[in-house]
Amino acid sequence: MENFLEIRFTKKDGAGTDIIIAELMAVGCDGIDESEKTVKAYFSPALFAKSEIDRIFSEQDTSYQISEVENKNWNAEWEKSFDPVLVGNFAAVRASFHEAVAEVVHEIIITPKMSFGTGHHATTFLMMEQMQHLNFVDKTVFDFGTGTGVLAILAEKLGAARIIATDNDEWSINNAIENLTANQTSKVQVALKDDVAINCQFDLILANINKNTLLKFCSDLFGLLRPGGKVLLSGILEADETVIKPAYESAGYRVISSSKKDGWLCLLMEN
């Protein structure tokens with residue numbers, strides 16, 4: 001099993017850190033580990049482009065350190081820092097080693113490894129927060145860029161009849177399958193894919209990825225929606241709203257609502 005490359009940098013004031021994270025995710029970052037003062041980003045050597053990394057940090061006037069780390073089971077690392085996440089009294093995301101969370105409607109058990117999406121990041125939190133206001137009962141759902149599978153799991157708990165969850169990273173797919181099993185799901189189909197070529201139409205599409213991917217597949221996602229279908233997008237910095245909204249509106253979407261947290265944006269649209 002090949003080693004991973006770890007990029008470590010000190011958090012910046014303002015939106016600088018979020019911009020760096022968003023840019024790193026856009027160029028193939030496999031996972032992010034944030035502490036109070038530092039951020040660590042992990043890359044497969046095959047996807048690591050040093051020129052792109054140098055550009056990202058140069059634009060934010062920030063330095064970074066790079067090292068090689070073992071590609072291992074990261075559970076022990078998460079056990080040191082992974083606290084349960086609460087989305088009001090609607091949902092809780094916790095690890096198996098945590099006590100059950102009382103007084104929430106939905107509880108999700110996640111074993112996070114290198115995958116993105118535990119509820120700790122603002123974008124995942126925003127997606128879950130908005131999902132509580134949507135009708136998933138008997139709906140078909142596409143979770144594009146599933147990561148840990150947390151949104152697909154929540155979709156099933158909310159009554160979805162069928163969920164297709166894809167990711168272009170094999171590690172994430174394996175982690176998602178593990179989490180789906182832990183939550184006793186039966187309506188989720190997982191696939192390793194780097195596109196949206198799916199012979200199916202959906203009532204709801206969940207896409208918590210990054211700006212570049214959302215722009216690339218804007219029209220393709222529209223083609224997967226049934227009439228009156230809805231798309232929930234995140235992985236978008238607030239500053240990118242002026243790019244994302246016009247692109248999706250030009251493709252035929254209508255913006256219904258938006259929400260923001262810690263400099264990140266979540267958009268709900270319909271066709």
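In the predicted model, F144 of strand β8 has A207 in β11 as its bridge partner. The two strands, β8 (residues 140–144) and β11 (residues 202–208), run parallel and are joined by four bridges. Both belong to an open sheet of seven strands, arranged in the order β10-β9-β8-β11-β12-β14-β13, with mixed pairing. The edges of this sheet are formed by β10 (188–192) and β13 (254–261), each of which pairs on one side only. From one strand to the next, the twist averages 15°. Helix α4 lies across β11, β12, β13 and β14 of the seven-stranded sheet, and its direction runs at about 150° to β12.

A further open sheet is built from three strands in the order β5-β6-β7, again with mixed pairing. Strands β5 (85–87) and β7 (106–109) occupy its edges; each has a single partner strand, so one side of each is left without a neighbour in the sheet. Neighbouring strands of the three-stranded sheet are turned against each other by 15° on average, direction ignored. Within this sheet, β6 (residues 91–94) and β7 pair in the parallel sense over four bridges, and V93 stands opposite I108 in β7. Two helices pack on the three-stranded sheet. Helix α4 (residues 122–131) touches β5, β6 and β7, and its direction makes about 35° with that of β5. Helix α5 (residues 150–157) touches β6 and β7, with its direction at about 145° to that of β7. Helix α4 is thus in contact with β5, β6 and β7 and also lies across β11, β12, β13 and β14.

Helix α1 is mostly covered, with eight of its eleven residues buried. The buried positions are G16, T17, D18, I20, I21, A22, L24 and M25. Their cover includes the strands β1 (4–10), β2 (31–34), β3 (38–43), β12 (225–237) and β14 (264–270), together with helix α2 (50–59). Two of these covering elements, β12 and β14, are also strands of the seven-stranded sheet. After α1 comes G28, which has a positive phi near 105°.

G28 recurs in the description of the largest pocket, where G28, C29, D167, N168 and D169 lie nearest the centre among 28 lining residues. The space in this pocket amounts to about 850 Å³. Two or more lining residues are contributed by each of α1 (16–26), β9 (162–167), α6 (170–182) and α7 (211–216). Of the elements, α6 gives the most to the lining, with four residues. By class, the lining of the largest pocket comprises ten nonpolar, eleven polar and seven charged residues.

The loop between β3 and α2, two elements that help to cover α1, contains S44. At 11% relative accessibility, S44 falls under the 20% limit and therefore counts as buried. Leaving aside residues up to four places away in sequence, S44 touches E2, F4 and D30.

Terms used
Residues are numbered from 1 along each chain as its sequence is written. This is a predicted model: local features need pLDDT of at least 70, side-chain atom pairs count only at pLDDT 80 or more; totals for chains, interfaces and linings use all residues. Side-chain values use heavy atoms; hydrogens and water are left out. Two strands pair if DSSP finds at least two bridges between them. Axes are lines fitted to C-alpha atoms, for helices over the stretch in contact, and angles run from 0 to 180 degrees between N-to-C directions. Contact means heavy atoms within 4.5 Å. On a 1 Å grid over the protein atoms alone, a cavity is a set of points where a 1.4 Å probe fits but cannot get out, and a pocket is an open set with protein on both sides within 12 Å along at least five of seven lines; lining residues have an atom within 4 Å of a point. Grid points are joined across faces, edges and corners, and a volume is the space filled by probe spheres set on the points. Ala, Val, Leu, Ile, Met, Phe, Trp, Tyr, Cys and Pro count as nonpolar, Asp, Glu, Lys and Arg as charged, and the others, Gly among them, as polar. Buried means under 20% relative accessible area, exposed over 50%, partly exposed in between (1.4 Å probe, protein chains only).
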